[in-house]
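Please walk through this structure step by step, taking the surface and its charges before the residues that lie under cover.

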Amino acid sequence: MKSPLFFLMFLAGLSLNAQTASEDSLTVNDQEYLEMRGVNVMLAHDFYPESHQGGVGIIQNGLRVATNGDLRLEPTPGQWQPVPKVGERQVDLEKQEISVRMSYPDPSKNRTGFNPIEYPDLEMSYTLKVVPQGKSFKIVVDLDKPLPKEWVGKVGMNIELFPGILFGKSYYMNDSFGIFTLQANGPGFYNEDGEFELEPMATGTELVIVPEDEKQTLKIENLRDNELKLLDGRAIHSNGWFIVRSLVPAGATENAIEWLITPNAVEDYTYDPVVQVSQVGYHPAQQKVAVIETDRNDENVQPVKLLRINNEGGTTEVISQSPSEWGDFLRYKYYQLDFSEIKEPGMYQVKYGDYTTEPFQIAEDVFQRDVWQPTLEYFLPVQMCHMLVNDRYKIWHGRCHLDDARMAPTDHNHFDGYLQGNKTFTKYKPGEHVPGLNLGGWHDAGDFDMRVESQASTVQGLSHIYELFDVEYDNTRIDQNSKTVDILQPDGKADILQQIEHGALSIVGGYKALGRFYRGIIVPSLDQYILLGDPVNHSDGAPFDQAFEDSNVAENISWRQPGDQDDRWVFTENNPGRELSTAAALAATSRALKDFNPELSRDCLQIAQEVWNITETDDPLQKLEAAVEMFQTTGQRKYARFLIQHQQEIVNKIQQTGWIVGRVLEDIPNDRFQAEVKDAVKEYYSEVEASGEKTPYGLPYEPDIWGAGWGIQNFGVKQYFLHTSYPEIFPKDYMLHAMNFVLGVHPGVNTSSFASGVGSRSLTQAYGINRGDFSFTPGGIGSGTALIRPDFPELLEWPFLWQQTEYVLGGGTTDYLFLVLAADRLLNEK
């Protein structure tokens, strides 16, 4: 389910010139979407249909209620099913019409190898339009030519309704009616293709959803003869939404689909003000700024109050003043309350109008308990592969994947993005069992695979944390011999060292078995991949018996059958950058494990040195971090000489290199090198300062279709190293602002901490291993507030949107731990 953390970034201030919405009719604004007060209709600003973002989308009274309005080939499409190729959006201001050219198939989605996206033999081009009609709008589809006979009854117009705000609410379809249920219910049937479907919840020509609540009432009328169907997409896909669909009629071209949609807009709708504070709180010495997010139409600026919660009940007003106006960002107007002068320990709240924040602390020890510990004592243990994870009366999962792993087939493109070239790069043949991979490592996110870069960045980050902050915390029993973990059961060993050991066992074990680093280890079949719950059910735990071997590994996957080929596959690759970054991680790990596990520490260093010596690259900066880590570990001058030799490349990319080389800068025996690096860092600080002033959050932030939380955490970690390496240039403020962003000071109505179970309010429905239970893993760090393009920040309470609530290893975990521990260290320095 993963996606790169950095898509093409979307300029944060692009909506600053958006025209004021019409009060009583939808019109095209200069952001190229339909707008009236209380309603926005987007077309093709986003294209991420597999995660419910794209096509025609509707934001109604401050909530995104519908999305993915487009022609689809299935009644309830899922993640790996055909989607159209999207053309360039066209805006006709004279006609007040927005349109986009679409076509099937999309060649970019049709990958080779085992691929669940199997495009059928259909070529279809069409124009999808949204046209305002007063307070309503039309969706119109014009086909270039009629559907082929064999596709009539299969191609239809879909729009998806967000379930999280519909449960227990009503709908009418003409004269029939019902409620939106918490779970998908029958009856079902098998269609002519042998595929399971649910009977529609309702059919007719006019659907009204949530007529009892004016904020959510929405009407869809079909202006053609074909009927509307209300479907429950969760019957096929656990992460499905409710779907409204009508089929494209035979022979139709112009106006093949014509819907009239009326989202009810509350009269004089105004977005309720939201106050964004750290859900954990602040150190007395820390800058403390509450951010107030308001509607641009809201001229009623009210006093903002800081309240101290009394220990015998009630509150005392500490501050009452007009907030400072910051200005416009995205679609909102922002104000601030700077209460940095307040240092008295206690519990506090901020109140603005009718909005009162959850309670938060001001205390010198604010970051010393219940903030970073859940990540170390819950999330990391729960993610541990090859272990039984016990938690008092609960087992999170059993001893999974003990049959790891078989060599992946060659010339293969796995559906989760792993590529195996025309050879295995090892002595093992495709399908052959590779011993030594059934120990150590963590599942990355909620899909149970093990990417080497995730393993490496986690052990490296944990090693830095242990080295810098002396974390001797022990509250978990980890037994590698019995492959058992007991949460909240100390065993006399530092948890962080045991976690570093666990990750190193996987990386080192893989290198020893394969003679190189693995690229990734993942289940072979889609049926296994989408499994929710205990990953022990992925396989039988016994290595595949080669006596059952079939010559074509990729085509003969079996699961839950005799002679199962259910073992995970291990992929390899030739990737100098990834190999060198993994070597850097092992060099850092060697330092951390030196006394805890000397033998494993020596293995880490030996492998790191070997990879450094044998890996050739055209980009010397790919060796930079390995050189720094190896220099710190060994003290050998050849690594310092490497840095000096590549001074110009380092200086030219100082935004990428300054935080890395700063760790050893004072130990590099070259005055010119030190001076050139520091001069470049000064210039970079000017860029950071200018970017930070563009947002009300005091740091560079460019919203994107994926939540920015992980990237901002990583920015904060780099800021720590920049501050500690160049204290005369970089302040600690940016690092602290990054931490606050993750803990609740971020855009949107949902002010939750991205760290589940941390702070007064946090993500309690997240994309982790228990997402099917609409639950969370304490200490998991979600991706956070995402952008519905062009200007709507969103963080839904819904566990299946990986671009908003997914947990991941690496920067998603260790960067958070690092930030909180670094803040505690810096703020308590005397």
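On the surface, Glu676, Asp679, Glu683 and Glu687 form a negative patch, where a patch is made of residues with over 30% relative accessible area and no salt bridge, like charges being joined within 9 Å and nonpolar side chains (Val, Leu, Ile, Met, Phe, Trp, Tyr) within 5 Å. In this scheme Lys and Arg count as positive and Asp and Glu as negative, while His and the chain ends are not counted, and the place of a charge is taken as NZ of Lys, CZ of Arg, CG of Asp or CD of Glu. Glutamate 687, one of the patch members, has its place in helix 11, residues 671-692; helices (H or I, at least four residues) and strands (E, at least two) are DSSP runs, numbered from the N terminus.

The model is a predicted one, in which local features need pLDDT of at least 70 and side-chain atom pairs count only at pLDDT 80 or more, whereas totals for chains, interfaces and linings use all residues. Residues are numbered from 1 along each chain as its sequence is written, and side-chain values use heavy atoms, with hydrogens and water left out.

A patch of another kind, nonpolar and of about 320 Å², is made by Tyr190, Phe196 and Ile236; the accessible areas come from the Shrake-Rupley method with a 1.4 Å probe, and for residues only the protein chains shown count as cover. Phenylalanine 196 is found in strand 14, which spans residues 196-198, and counts as partly exposed because its relative accessibility is 35%, the classes being buried under 20% relative accessible area, exposed over 50% and partly exposed in between (1.4 Å probe, protein chains only).

Turning to paired charges, the structure holds 30 salt bridges, each a side-chain nitrogen of Lys or Arg within 4 Å of a carboxyl oxygen of Asp or Glu. One of them joins aspartate 46 to arginine 789, with the closest N and O atoms 3.9 Å apart. This pair links distant parts of the chain, for aspartate 46 is in strand 3 (residues 39-48) and arginine 789 in the loop between strand 41 (786-788) and strand 42 (792-794), 743 residues apart. Aspartate 46 counts as buried at 6% relative accessibility, and arginine 789 counts as buried at 18%.

Another salt bridge brings together the side chains of glutamate 625 and arginine 663, at 3.2 Å from N to O. Glutamate 625 lies in helix 7 (residues 624-634) and arginine 663 in the loop between helix 10 (654-661) and helix 11, so the pair ties together parts that are 38 residues apart in sequence. Both glutamate 625 and arginine 663 are buried. Elsewhere, salt bridges that share partners join Asp444, Arg451, Glu453, Arg519, Glu573 and Arg578 into one network. Within this network, glutamate 573 meets arginine 578 with the closest N and O atoms 2.6 Å apart; glutamate 573 is buried at 16% relative accessible area, while arginine 578 counts as partly exposed at 22%.

Why is cysteine 385 without a bond to cysteine 400? A search of the whole structure finds 0 disulfides, a disulfide being a pair of cysteine sulfur atoms within 2.5 Å. The sulfur of cysteine 385 has its closest cysteine sulfur in cysteine 400, but the two are 3.9 Å apart and therefore too far for a bond. Cysteine 385 counts as buried at 0% relative accessibility, and cysteine 400 is buried too, with a relative accessible area of 0%.
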